[in-house]
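This report describes how selected helices meet and how nonpolar residues group together in the structure shown below.

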Amino acid sequence: MTALTASTANSFSAGRLPRGSAWWLLVASWLVVSAVFALLAVADPAAGFNPVGAVFFGTVLFDLLLFVLSLLVEGRRRAVDRLITSLVATAFIIALLPLVSLVWTVLQNGGARMIAPSFFTESMRNIIGPGGGGLHALVGTLEITGMAALISVPIGLLTSIYLVEYGRGALARSITFFVDVMMGIPSIVAGLFAYALFALLFQDPGIRSGFIGSIALSVLMIPVVVRSSEEILRLVPNELREASLALGVPKWLTVVKVVLPTSLAGLTTGVMLAVARVIGETAPLLIVAGFTASMNYNLFDGRMMTLPVFAYTQYANQGPDPASFLGRAWASALALIAIVMLLNLAGRVIASAFAPKTHR
């Protein structure tokens, strides 16, 4: 304790703040502002405690206190440097606040309902009040998204290989242009396209199935896979390709044995991001997959429920017990967020496992 006090005193006497003082000041600012918000919550229980506001105003208080303290101890030049650094950190924290607020709200409203065993073991068949679950929506989401990935990944990956390794001239430029156009297509347009295509093929205006939903999602997913895979493949050093070709290896074998294994980690991450992009789509699935309260394991026949559509229908069509419907809507939203998080974690694990190993 004596040594710590002496070190702190020496830091102040040398005209600089002690090491780690900025972090301690940040924590202290958060605690002070949180205490103020807690007192306000006690005075007005209906308002409740606002953690996002506490973090935001605590960070702003930290910026001001750090600047003033550094100005008194270290001088104007060092104080301005610390202020700019803290403002950059503040901008990062502010950017995270919407995500933190979203996760907090969904956990608060849907956590208790999602951890109930019935949510993952029951459907909504014959349920008009409390009870029921989202098993039918979970199965539909996994099947439709899985089929969309099965369609999109080979097409997108082969397209990106062509653009990077073989594409030259007007055809490559046309493909790039149309991929850029597809990146901006609204999701509802993809749903209308899939519906119109199958309605014309089968001459059935009332056709609905999970497979048509997979087609609609693949229209949205393919350009994302193409763009991400193209950028990853371009990062592979040309020296690797030239060394393989110099040994007499054919072009296609160079792509298969050299280019793809080298970029496998990045390609996996890109695919996971594309899946996360489409798994929460609601508008196209409302049109082509419809919604149902019963289980449907057949992707090619009948209506199929998905988690985003389930959340929408439970919120929009509240029955005699609104709390039950809202609880299921929040729980399905939380389940969707959990699936996206698990997909991203799996992508990171796969990327780290297949990343090129350097022995330096």
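The crossing of helices α5 and α6 is left-handed. This description rests on a predicted model. The axes of α5, residues 135–166, and α6, residues 169–183, come within 10 Å and cross at roughly 135°. Because angles from 115 to 145 degrees fall outside the parallel, antiparallel and perpendicular classes, α5 is oblique to α6.

On the α5 side, T159, Y162 and L163 take part in the contact, and they meet L171, A172, I175 and T176 of α6. By class, this contact has 5 nonpolar residues, 2 polar residues and no charged residues.

Helix α5 also takes part in the largest nonpolar core, as one of the elements that give two or more residues to it. This core has 44 residues, and I144, M221 and L307 are those with the most contacts inside it. Other elements that give two or more residues include α4 (76–114), α7 (187–202) and α14 (322–354). Helix α8 (210–234) is also among them, and α8 gives the most, with 9 residues.

Leaving aside residues up to four places away in sequence, I144 touches G210, G213, S214, L217, L285, A289, L299, M304 and T306. Apart from the largest core lies another core, of 6 residues, among them I161, V236, V255 and V259.

The two cores are set out below.

| Core | Residues in core | Residues named |
|---|---|---|
| Largest nonpolar core | 44 residues | I144, M221 and L307, with the most contacts inside it |
| Another core | 6 residues | I161, V236, V255 and V259 among them |

In soluble globular proteins, nonpolar side chains tend to be buried together.

Terms used
Residues are numbered from 1 along each chain as its sequence is written. This is a predicted model: local features need pLDDT of at least 70, side-chain atom pairs count only at pLDDT 80 or more; totals for chains, interfaces and linings use all residues. Side-chain values use heavy atoms; hydrogens and water are left out. Axes are lines fitted to C-alpha atoms, for helices over the stretch in contact, and angles run from 0 to 180 degrees between N-to-C directions. Helices (H or I, at least four residues) and strands (E, at least two) are DSSP runs, numbered from the N terminus. Angles under 35 degrees count as roughly parallel, over 145 as roughly antiparallel, 65 to 115 as roughly perpendicular and the rest as oblique. A crossing is left-handed if the near helix is turned anticlockwise from the far one by less than a right angle, and right-handed if clockwise. Contact means heavy atoms within 4.5 Å. Ala, Val, Leu, Ile, Met, Phe, Trp, Tyr, Cys and Pro count as nonpolar, Asp, Glu, Lys and Arg as charged, and the others, Gly among them, as polar. A nonpolar core is a set of buried Ala, Val, Leu, Ile, Met, Phe, Trp, Tyr and Cys residues joined through side-chain atoms within 4.5 Å. Buried means under 20% relative accessible area, exposed over 50%, partly exposed in between (1.4 Å probe, protein chains only).
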